[in-house]
Amino acid sequence: MFTHLFGRLTNRTSSQATPRRRVALNLARLEERCVPAVLMESGAPTSVPTWGIQPTPPPIDSALNSLFYAVSIGTKDIHNQPVDFNQDGYPDLVQTGAIDEQIGYGTKTDPINAFSRGGFGKVAFGGPNGLTYSTTGTPNHGIAVQFTGSFFAVADLNEDGFQDILSLNNASQTGAGAHTVRHLWDPVQQSFTKVDGGALDAWADRYGQLTLGDVNGDLIPDLISQNYSTTPVVLPDGYQVLPMIGFQVYLGISDPSAGHWVGDFASTAYTTINLRQPSTAWGIEFVASNRKSDTIANTPVVNTVLADLNGDGSLDLAIPEADGITVFPNPGDGKFTQPSALFFQTAGSANGLNLTSGDFNNDGKTDLATSPNIVSLALLVDISPNIRQWQASNAPISIFLNTTPSGGANNFSLTPITGFAKDSFGWNGTIALADFNGDGNLDLGVANGSSQSTLFGIVEGDGKGNFGTIKQYIGYSNEADGYDPNYKRAIAYLNTADFNNDGQIDITPSALNIDSGKSPGSVAVGITAISFNKTFATPVINIASLVPATVGQPYTQQLLVTGGDPSKPFSFALNAQSVPLPAGLTMSPTGLITGTPTQPGPFQLTFNISQPSGPKGTSMGTLPVNNSQPGVVVISPASLPGGTAGVAYSQLLTATGGTGAVNFALSAGTLPAGLTLSFNGLISGTPTNTGPSSFTVSATDSVGNVGYAQYGITIGTNPTPPLAGPFIAAGSGQGGLVSIFNANGT
């Protein structure tokens, strides 16, 4: 049943309503300030552009292509649980965006746009190496889309135990009007089945996640929808806009035949609340023949938050304003009223955009956070016939710590967080919350709010409401499109999930083309990247702790681990795909192997290693079990020295305790590349690759007695020659990288 359901409107393409500071972006200086990645690795290697038809030169200027660019990303369902449609343990990702078809991508001239339309959704499935886009679905200009609609939410709509997608589709070209569509996951076909839902008079002209929650206490999720004026306002540049005027609540309804909620809502609004001032900056642009614009960059989404902000058990509503946020307490029936509104000003009186919630000081109360900028063409202003300038707010991030007394009126204290808003070289854009360093406290991820930046940052929280200095990382690479690195993109959205299932929260930025540097109508393929969290090394079994056992002899051994978070305990379990432990042995959850083995052999085991709210991994190791005395064969030495790539290696193994001649063989694992093991126990050769290798050696005597030993050899590189002087330093220093070498070339 649905008790407390949380969702967010999560599109990141809005304009700026506060006074604009005219600052020209010095991109070169901004990129040089990037801190080397020590927490998050670069998102560039996992950048994913979605092509339908790729340009096929020559000649590229006449080649047709089609492309997808995402505006909003979702990784959580309405219960704030990871999206995992196929239930493989790896979080999946949902995107909404647009498809363009053009001629001449990757040329120095302006491409010719033949087709452009929004309201398409794609699903990417997580895995150990990142994301893989679904290839099933409805083809649209060569691109497989899994659903339609600009708004979406993830929930189990048919109560079959699998998550589905609910989308809200626009049903009017001139005003309000929408209908719901259910996209039900079929676990057998591994695809979605479309089922049309009901109609409602809400607006569906934005991109992002639906704000859903049970506001009236009937255990059915309700919808918070944006509301717009039906009277156009003519702007100074001659464009017409339908101003945003507030929000409306649509109650969820149960389906009589199904006996539960399937994703539908009442056709008319239950209650309406207004912004303090109507906003043309957040409005919907009209184009020819009074038709609503479908241009993503001109149709920003504006987040709201549903959460119990005063501890009375009902979901309250927080909405953004042009200079702060307004909180509407829930009287218990979801009838939010204008007289009950409580206004809180943001730092710098900036937009209260990118509104999100979390407990920043671990006091059990829900706090709020906003950031002033969302990438939008509205921020790219013509200051002369040939010069366009990005005019974003340089205000800080606003943290609102919940200070509401028990049984009292909502109240918040404001804490500004500098983030990117410093030195005039960056602006705070879209934000995402997660515990990135595993200390149990919420941290803040923030994108640079520039039209031409690849950077995001992490601001670590201390669990007391305080935040540190921003650490910057590269989120994606413009070169990932493979054709035109001169296209510049902006990070429209950040989201978080443990995409590789290693127990650490990763960040995925979605980058779209706002300022192409070409004509305003030119667009570039969108790029979705993953910056994997590398705060802690993946925990693996220390093979030295898998000491050999002997049949019939009592055995006690504690497994040891390398990597992981040294401040947290480890838990151990055999992986479902592992061979069983040797008969007679058992393993405790703390990794203590005890018992008396009854069968000999090498047992190549696979362990699951985890830490509470921390790193986890899967690691293999071989447990040798020798034959019982007499006749046991013991292999020496106990360990092997490391080697160096390109340098000859030789180490002789010996055996004692056997009868007659002893033959050595590799029974499990692999030797370092370039090395071999002879039958008389000589490991020799010239290593070709660096890195660690683990393996098990068996020694069999003339009467069949077998002994085992597990070894590890690490192959390193030739040490860097010392600086003998004179020496030469080269390189720009970008990203902290400088090459230093001796004058003789070493």
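Modeller: Buried means under 20% relative accessible area, exposed over 50%, and partly exposed in between, with a 1.4 Å probe and protein chains only. The model is predicted, so local features need pLDDT of at least 70 and side-chain atom pairs count only at pLDDT 80 or more, while totals for chains, interfaces and linings use all residues. Residues are numbered from 1 along each chain as its sequence is written, and side-chain values use heavy atoms, with hydrogens and water left out.

Biologist: Why is Lys471 called partly exposed?

Modeller: The relative accessible area of Lys471 is 31%. Partly exposed runs between the 20% and 50% limits, so Lys471 is partly exposed.

Biologist: What makes the pair Glu460 and Lys471 a salt bridge?

Modeller: A salt bridge is a side-chain nitrogen of Lys or Arg within 4 Å of a carboxyl oxygen of Asp or Glu. For Glu460 and Lys471 the N to O value is 3.1 Å, so the rule is met. Glu460 lies in the loop between β34 and β35 (471–474) and Lys471 in strand β35, so the bridge ties together parts eleven residues apart in sequence. Strands (E, at least two residues) and helices (H or I, at least four) are DSSP runs, numbered from the N terminus.

Biologist: Why does Glu460 count as partly exposed?

Modeller: Glu460 has 25% relative accessibility, and therefore counts as partly exposed.

Biologist: What makes Asp264 and Arg182 a salt bridge?

Modeller: Their side chains meet at 3.9 Å, N to O, and the 4 Å limit is therefore satisfied. This pair links distant parts of the chain, with Asp264 in strand β19 (residues 260–265) and Arg182 in strand β11 (residues 178–186), 82 residues apart. Both Asp264 and Arg182 are buried. By this rule the count comes to four salt bridges.

Biologist: Why is Ser453 called buried?

Modeller: Its relative accessible area is 1%, so Ser453 is buried. Ser453 is found in the loop between β33 (443–448) and β34 (455–459).

Biologist: What makes the approach of Ser453 to Leu455 a polar contact?

Modeller: A polar contact is a pair of N or O atoms within 3.5 Å; within protein, one must be able to donate a hydrogen and the other to accept it, and residues adjacent in sequence count only if both atoms are side-chain atoms. The side chain of Ser453 reaches the backbone nitrogen of Leu455 at 3.1 Å, so the distance limit is satisfied.
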